[in-house]
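Me: I'd like a close look at a single part of this model, with enough of the surroundings to make sense of it. Please take your time and keep it connected.

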Amino acid sequence: SNSIDISNYNLIESLVNKQTINQWEINQLPIDNFSIENGIYITSNVLSRYPIIIDPNSLAHSFIKHTYKQLYTVKCINNNLPNDYVNTLENCIKNGYVCVIEDYYITNQST
């Protein structure tokens, strides 16, 4: 039989090395598999243009700020500036800034 045994295959280990994971941990990324997968999505050349990270525990925000603050301007959109989110998002896209949308919700303002 010409089958390949993939029962012990680890996708994370094939996409990122231990040194990178250690650096991510220094940059405040938890080192559980879910967080490491998010780190791969954020930093991957394939997905780095517009990665979308679902982060219910708000752990990615700190990691992104620590990882990219030296390289990029990091802008945050949240409910503290509810009327300015479109301008902030457009500015980030035009200028190549990292944009983090956190705890943002839109309420129905019609009366």
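What follows is a close look at the loop between α2 and α3, along with its surroundings.

Reply: Happy to. Please keep in mind that this is a predicted model, in which local features need pLDDT of at least 70 and side-chain atom pairs count only at pLDDT 80 or more, while totals for chains, interfaces and linings use all residues. Residues are numbered from 1 along each chain as its sequence is written, and side-chain values use heavy atoms, with hydrogens and water left out.

A little orientation helps. The chain has five helices and two strands, arranged along the sequence as α-α-α-α-β-α-β. These elements are DSSP runs, H or I over at least four residues for a helix and E over at least two for a strand, numbered from the N terminus. Of its 111 residues, 23% are buried, a word that stands for under 20% relative accessible area, with exposed meaning over 50% and partly exposed in between (1.4 Å probe, protein chains only).

Now to the loop itself. Asparagine 27 sits in the loop between α2 and α3, and it counts as buried because its relative accessibility is 13%. What does asparagine 27 touch, leaving aside its neighbours within four places in sequence? Its contacts (heavy atoms within 4.5 Å) are Ser62, Phe63, His66 and Thr67.

Glutamine 28 belongs to the loop between α2 and α3 too. At 43% relative accessibility, glutamine 28 is partly exposed. Its backbone deserves a glance: phi is near 75°, a positive value in a residue other than glycine.

Across from these two is histidine 66, a residue of helix α4. With 31% relative accessibility, histidine 66 is partly exposed. Setting aside neighbours within four places in sequence, histidine 66 contacts Asn27 and Gln28. Leucine 29 lies 37 residues from histidine 66 in sequence, yet their C-alpha atoms are 9.3 Å apart. For the chain as a whole, 46% of the contacts between residues at least 6 apart in sequence join residues at least 24 apart.

Following the chain onward brings us to α3 (residues 33–43). At its start, a side-chain oxygen of aspartate 32 comes within 3.2 Å of the backbone nitrogen of phenylalanine 34. The buried residues of α3 are Ser35, Ile36, Asn38, Gly39, Ile40 and Ile42. In an α-helix there are 3.6 residues a turn, so residues three or four places apart point the same way. Cover for the buried residues of α3 includes α1 (11–15), α2 (18–26) and α4 (60–68).

Tryptophan 24 ties several of these pieces together. Apart from neighbours within four places in sequence, tryptophan 24 contacts Val16, Leu29, Ile36, Gly39, Ile40, Thr43 and Phe63. In the largest nonpolar core, which has 14 residues, Val16, Trp24, Ile36 and Ile64 touch the most other members. Two or more residues of this core come from each of α2, α3, α4 and β2 (98–101), and α4 gives the largest share, four residues. Such a core is a set of buried Ala, Val, Leu, Ile, Met, Phe, Trp, Tyr and Cys residues joined through side-chain atoms within 4.5 Å. In soluble globular proteins, nonpolar side chains tend to be buried together.

Technical notes. Polar contact = N/O pair within 3.5 Å; in protein donor to acceptor, adjacent residues only side chain to side chain.
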